[in-house]
Amino acid sequence: MFRTVLSKAYYRAPTSLTAASAGVLARRAAPAACARRMYSEKAEEAQPKKEEEPSKDKPADATNAQAAGTGEIEKLKKSIAEKDAKIKELKDAYLRSLAEAENIRTRSKAEVDNTKSFAIQKFAKDLLDTVDILELALKHVPKEHLEDKVTNKSLVDLFEGVGLTKSNLLRALERHGVESFDPLDKPYDPNTTHALYQAPVPGKTPGTVFAVEKRGYILKGRVLRPAQVGVVLDPSGN
């Protein structure tokens with residue numbers, strides 16, 4: 001019986017020791033397992049991730065994007081070309097406007113200058129009749145009456161007074177740009193002279209002026225009144 005109990009105790013003791021030692025081993029193994037798990041996680045993190053394989057649809061998407069970009073560029077180029085053409089058109093219109101404005105300004109200035117220059121034209125033309133009357137009066141005084149200054153003193157004084165009046169009037173006209181011209185013995189010019197009559201004159205060249213009935217006048221280069229003349233006629237009729 002003692003053996004039986006001993007044997008039971010003997011056989012039970014290893015069982016209890018084994019459980020205790022298993023607990024101790026389990027506690028000792030726990031840190032190692034935790035360390036192995038942490039090491040495994042760190043190894044996985046350190047291992048480089050595999051790159052994603054490019055999708056087979058990406059080349060098509062890139063082609064579509066490139067085509068869309070090319071279309072946008074073409075639209076932008078077309079828009080820029082249209083704007084450049086519009087800018088050029090507006091610039092041409094602006095330059096034409098400037099040129100037209102300059103032409104208008106030049107014409108206006110010329111018209112103002114002409115108005116100022118020829119404002120006296122009508123008045124001067126009216127005064128020419130007075131000059132003609134004075135010349136006609138002086139022309140019809142006999143020279144022999146002027147030689148006898150004692151007997152015809154009043155006539156001589158009147159003649160001199162009329163002559164001075166005519167001279168002062170002509171100088172006043174000259175100060176305003178009116179000049180007289182005498183075409184006597186010069187070729188006939190229809191632009192500056194008006195032929196009142198024609199007659200054959202021996203010793204005179206046909207087509208020249210042999211008599212001046214009224215002097216001609218020019219206002220700043222423009223004919224104010226043509227001279228009224230007689231022209232030598234060619235006897236042959238040519």
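In this predicted model, Ala124 touches Leu173, Val178 and Leu224, when residues up to four places away in sequence are not counted. Ala124 and these three partners are among the residues that touch the most other members of the largest nonpolar core, which has 15 residues. The protein chain around this core has 238 residues, of which 15% count as buried.

**The nonpolar cores**

- Besides Ala124, Leu173, Val178 and Leu224, the residues of the largest core that touch the most other members are Val131, Tyr217 and Leu219.
- Helix H3, which covers residues 121-139, helix H5, which covers 153-175, and strand E4, which covers 216-219, each supply at least two residues of this core, and the biggest contribution comes from H3, which gives five residues.
- Apart from this core there is a second, separate one made of six residues, and among them are Phe181, Val209, Val212 and Val229.
- As a general background to such cores, nonpolar side chains in soluble globular proteins tend to be buried together.

**The aromatic pair**

- A search of the whole structure finds one aromatic pair, and the two rings in question belong to Tyr197 and Phe210.
- The ring centres of Tyr197 and Phe210 lie 5.9 Å apart and their planes meet at 65°, which is over the 60 degrees required, so the pair is classed as edge-to-face.
- This pair links distant parts of the chain, since Tyr197 sits in strand E2 (residues 193-199) and Phe210 sits in strand E3 (residues 209-214), with their positions 13 residues apart in the numbering.
- Tyr197 counts as partly exposed because its relative accessibility is 32%, and Phe210, with a relative accessible area of 23%, is partly exposed as well.

**A nonpolar patch on the surface**

- Nonpolar residues also appear on the surface, where Tyr94, Leu95 and Leu98 form a patch with about 310 Å² of accessible area together.
- Tyr94, one of the members of this patch, is placed in helix H2, which runs over residues 58-117.

**The chain as a whole**

- The secondary structure of the protein chain comes to five helices and six strands, and, read from the N terminus on, these elements follow the order α-α-α-α-α-β-β-β-β-β-β.
- Among the contacts between residues at least 6 apart in sequence, 65% join residues that are at least 24 apart.
- The accessible surface of the protein chain comes to about 19,000 Å², and 59% of this surface belongs to carbon and sulfur atoms.

Terms used: Residues are numbered from 1 along each chain as its sequence is written. This is a predicted model: local features need pLDDT of at least 70, side-chain atom pairs count only at pLDDT 80 or more; totals for chains, interfaces and linings use all residues. Side-chain values use heavy atoms; hydrogens and water are left out. A nonpolar core is a set of buried Ala, Val, Leu, Ile, Met, Phe, Trp, Tyr and Cys residues joined through side-chain atoms within 4.5 Å. Buried means under 20% relative accessible area, exposed over 50%, partly exposed in between (1.4 Å probe, protein chains only). Helices (H or I, at least four residues) and strands (E, at least two) are DSSP runs, numbered from the N terminus. Contact means heavy atoms within 4.5 Å. Rings of Phe, Tyr and Trp (its six-membered ring) pair if their centres lie within 6.5 Å; planes under 30 degrees apart count as stacked, over 60 as edge-to-face and the rest as tilted. Patches are made of residues with over 30% relative accessible area and no salt bridge: like charges are joined within 9 Å, nonpolar side chains (Val, Leu, Ile, Met, Phe, Trp, Tyr) within 5 Å. Accessible areas come from the Shrake-Rupley method with a 1.4 Å probe; for residues, only the protein chains shown count as cover. A salt bridge is a side-chain nitrogen of Lys or Arg within 4 Å of a carboxyl oxygen of Asp or Glu.
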